[in-house]
Amino acid sequence: ITNGVGNKKWGDKWPNCIDACVFYDEDGKLWMAYGSWSGGIFMLELDEETGLRDYDVTYETNEHSDAYFGTKIAGGAYVSGEGAFIQKIGDYYWLFVSYGGLEAASGYNIRVYRSDRPDGGYVDALGNDAYSDTYVFNYNLPNKGVRLFGNYMWRTFTYADVAQGHNSALVDEDGRAYIVY
C-alpha cells in the first residue's frame, strides 16, 4: 500500500460496487454501469430475462477492462468520479458523472461525455476520453468533461450550499431536456 498520490495502491484498480445505472440500448440489450472513485466506472452487459450479469459475455483483462468487473468506461487511478448515469439522446449515449465530493464548498459538479456505443469509449467535446490513467485532483478542472454545473450559492446565503451530483436525465416527447439531481 502506498500513499495513493499517483502510486498504485489497493483499490485504485477495482471499482466500488455502488451507484448502479441500468439501461437498455437501442437494440434492446440490458446494461449496467457502476462504480466510483478508486478504480473507475465499469460497464457489464446483463441478461434481459433475469436482470443479472450475462456470463455468456466475456471481458478481457487489460488497462481498461477486467474479466470480473467488465469494461471500464471512465475514471480510475483514484480520481474522483461517481454516480454515473447513461441515457441515449439523439445519436449518442451520454455519460453523466459527478466529480468532486459530497460537500457544497468545492463539491460535486456534473460532467458529460458521449459515445456512439453504450460501452464506450466516451469522450468530451474536446475529444478527451473519460479515463483517468494517472492520479490528478480533478474536482474543478476545466479541461475534462463538459461541465454542466457545480456548486451554487443562493443570493440570501453567505456560502455555497448546493452541490449537484448523482443525476438522472431525460428528454420528454416535446424535445425538452431535464436533469434531476
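**Close-up views of a predicted model**

**View 1. Lys144 pairs with Asp129.** At a relative accessibility of 18%, Lys144 counts as buried. The model shown here and in every other view is predicted. The side chain of Lys144 meets that of Asp129 in a salt bridge, with 4.0 Å from N to O. Both residues sit in the loop between β8 (109-115) and β9 (146-149). They are 15 residues apart, and the pair links distant parts of the chain. Asp129 has a relative accessibility of 34%, so it counts as partly exposed. Lys144 falls under the 20% limit for buried residues, whereas Asp129 lies between 20% and 50%.

**View 2. Glu26 forms a salt bridge with Lys88.** The closest N and O atoms of this pair are 2.6 Å apart. Glu26 belongs to the loop between β1 (21-24) and β2, while Lys88 belongs to strand β6 (residues 82-89). The pair therefore ties together parts that are 62 residues apart in sequence. Glu26 counts as exposed, at 55% relative accessibility. Lys88 counts as partly exposed, at 26%.

**View 3. Arg117 and Asp119 meet through their side chains.** The contact is a salt bridge of 2.7 Å, N to O. Asp119 counts as buried at 18% relative accessibility. Arg117 counts as partly exposed at 44%. The count for the model comes to 3 salt bridges. Side chains of opposite charge can pair when their charged atoms come close.

**View 4. Strand β3 is mostly covered.** The strand spans residues 41-46, and 6 of its 6 residues are buried. Cover is found on both faces. One side carries Ile41, Met43 and Glu45. The other carries Phe42, Leu44 and Leu46. Glu45 is thus shown among the buried residues of β3.

**View 5. Strand β3 pairs with β2 and with β5.** Strand β2 (residues 30-34) runs antiparallel to β3, with 5 bridges between them. In this pairing, Trp31 stands opposite Glu45 of β3. The two strands form a hairpin, and 6 residues lie between them. Gly35, in the turn, has a positive phi of about 110°. Strand β5 (residues 70-74) is joined to β3 by 3 bridges, and this pair is also antiparallel. Here Phe42 of β3 stands opposite Lys72 of β5.

**View 6. The model holds 1 cavity of 30 Å³ or more.** The search covered the whole structure. About 50 Å³ of space lies in the largest cavity. Its lining has 13 residues. Closest to the centre are Ile41, Ala74, Gly75, Ser80 and Gly81. Ile41 is also one of the buried residues of β3. By class, the lining has 7 nonpolar and 6 polar residues. Charged residues are absent from the lining.

**View 7. Cys17 and Cys21 are in no disulfide.** The disulfide count for the model is 0. For Cys17, the nearest cysteine sulfur is that of Cys21, 15 Å away. For Cys21, the nearest is that of Cys17. A disulfide needs sulfur atoms within 2.5 Å, so a pair 15 Å apart does not qualify. Cys17 counts as exposed, with 60% relative accessibility. Cys21 is buried, with a relative accessible area of 6%.

Technical notes:
Residues numbered from 1 in each chain as written. Predicted model: local features only at pLDDT ≥ 70, side-chain atom pairs only at ≥ 80, totals over all residues. Heavy atoms only, no water. 1 Å grid on protein atoms, 1.4 Å probe; cavity = no way out; pocket = protein on both sides within 12 Å on 5 of 7 lines; lining within 4 Å. Points joined across faces, edges and corners; volume = space filled by probe spheres on them. Nonpolar A, V, L, I, M, F, W, Y, C, P; charged D, E, K, R; others polar. Buried < 20%, exposed > 50% of the residue type's maximum accessible area, 1.4 Å probe, protein only. Helix = DSSP H or I, 4+ residues; strand = E, 2+ residues; numbered from the N terminus. Pairing = 2+ DSSP bridges.
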